[in-house]
Amino acid sequence: MTNDVQQAITLLQNAKHICILTGAGISAESGIPTFRDKQTGLWENFRAEDLASIDAFERDPKMVWSWYQWRRNLVKDKQPNPAHHALASLQQWGKTQGKTLSLITQNVDDLHEQAGSQVTHLHGHLWKNKCSQCDAAYQGEIDYSQDALVNCPECEAYIRPDIVWFGEMLPSGAWQYAEQASADCDVFISIGTSSLVYPAAGLSQLAKSQGAKLIEINLHPTHNPLIDVVLASKAGEVLPTLSAALL
Ligand code: NAD
Ligand code: ZN
């Protein structure tokens, strides 16, 4: 076991409240590409940022909806990997130890839930939809095999994915929970996130400013000087090591 892994284990053993923020990198080993990976096939000439905004949807709703239908098809058969499972085990372990483990994700997939974790989604859910106009949740079935636009039964406007797009506010309940957990924790772990997209990227700074130790798990670490312990490995390898040592 390396010195860094040992340091992380000691921090987690001593912590009462652990806050964990995950990003696209934790789902990479499940076969879901991260945002900085090249888009594949049909979408390779588009930047994700240009498809995930209300402006893009207003300009060309069909194109944006088609992109999400494509992503849904990409994600629908994917399963949690050892990183998701290890976090679920750590959350259970925390309960037996009188520790709180707050798990917050920027991901819109549901692999944390599938692994059995309780998780707060900051950026919405790939499988939920709402009206682009009146904001009503859309409960109808969506046929993922085709990309025809769907209309709101209340106001006829187009249905969109219930995902936080660039320039939009985060859901207030989820954001409040994340801020509180970050401010209260003794250890904050960032996993598989490039920490470029705010406000989520500011949570580790908030934790640090309140005295927490920061751990980063990333295949290509961010070189943020605030981080105390960097584990430069695949999440699906290092998290099972941590959970095996702690459990
Ligand atoms: P990201 O793609 O920016 O970063 C992924 C990180 O994971 C990278 O730092 C990479 O080094 C790391 N990584 C890759 N494989 C790993 C592995 N096996 N183990 C550990 N780390 C690994 O993703 P992000 O940081 O989650 O992006 C933040 C948010 O930005 C997203 O939640 C999303 O809301 C938003 N975003 C959205 C879009 C979109 O919807 N179209 C596009 C860009 C960003
Ligand atoms: Zn509506």
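**Arg71.** I looked up the contacts of Arg71 in this predicted model. Leaving aside neighbours within four places in sequence, Arg71 is in contact with Phe35, Val108 and Leu126. I placed Arg71 in helix α5. I then checked its exposure. Arg71 counts as buried because its relative accessible area is 12%, and the cut-off for buried is under 20%.

**Tyr68.** I moved on to Tyr68, which lies in helix α5, residues 61-75. Tyr68 is buried too, with a relative accessible area of 1%. I listed its contacts, not counting residues up to four places away in sequence: Leu51, Ala52, Leu126, Pro161, Ile163 and Trp165. Leu126 thus turns up in the contact lists of both Tyr68 and Arg71.

**Record check.** I looked in UniProt for these two positions. An unreviewed entry there places the feature "binding site" at Tyr68 and Arg71. I note that such annotations may be inferred rather than shown by experiment.

**Largest core.** Next I looked up the largest nonpolar core, which has 28 residues. The members touching the most other members are Ile189, Ile191, Ile215, Ile217, Leu231, Leu239 and Leu242. I asked which elements build this core. At least two residues each come from helices α1 (3-14), α6 (82-96) and α10 (235-246). Strands β1 (17-22), β2 (100-105), β7 (187-191), β8 (213-217) and β9 (229-231) each supply at least two as well.

**Leu242.** I picked out Leu242 and left out residues up to four places away in sequence. Leu242 touches Val5, Ala8, Ile9, Leu12, Ile217 and Leu231.

**Another core.** Apart from the largest core I found another, of 18 residues. Val164, Ala174, Ala181 and Cys185 are among them.

Technical notes:
Residues numbered from 1 in each chain as written. Chains lettered and ligands numbered in written order. Predicted model: local features only at pLDDT ≥ 70, side-chain atom pairs only at ≥ 80, totals over all residues. Heavy atoms only, no water. Core = buried A, V, L, I, M, F, W, Y, C linked by side-chain atoms within 4.5 Å. Buried < 20%, exposed > 50% of the residue type's maximum accessible area, 1.4 Å probe, protein only. Helix = DSSP H or I, 4+ residues; strand = E, 2+ residues; numbered from the N terminus. Contact = heavy atoms within 4.5 Å.
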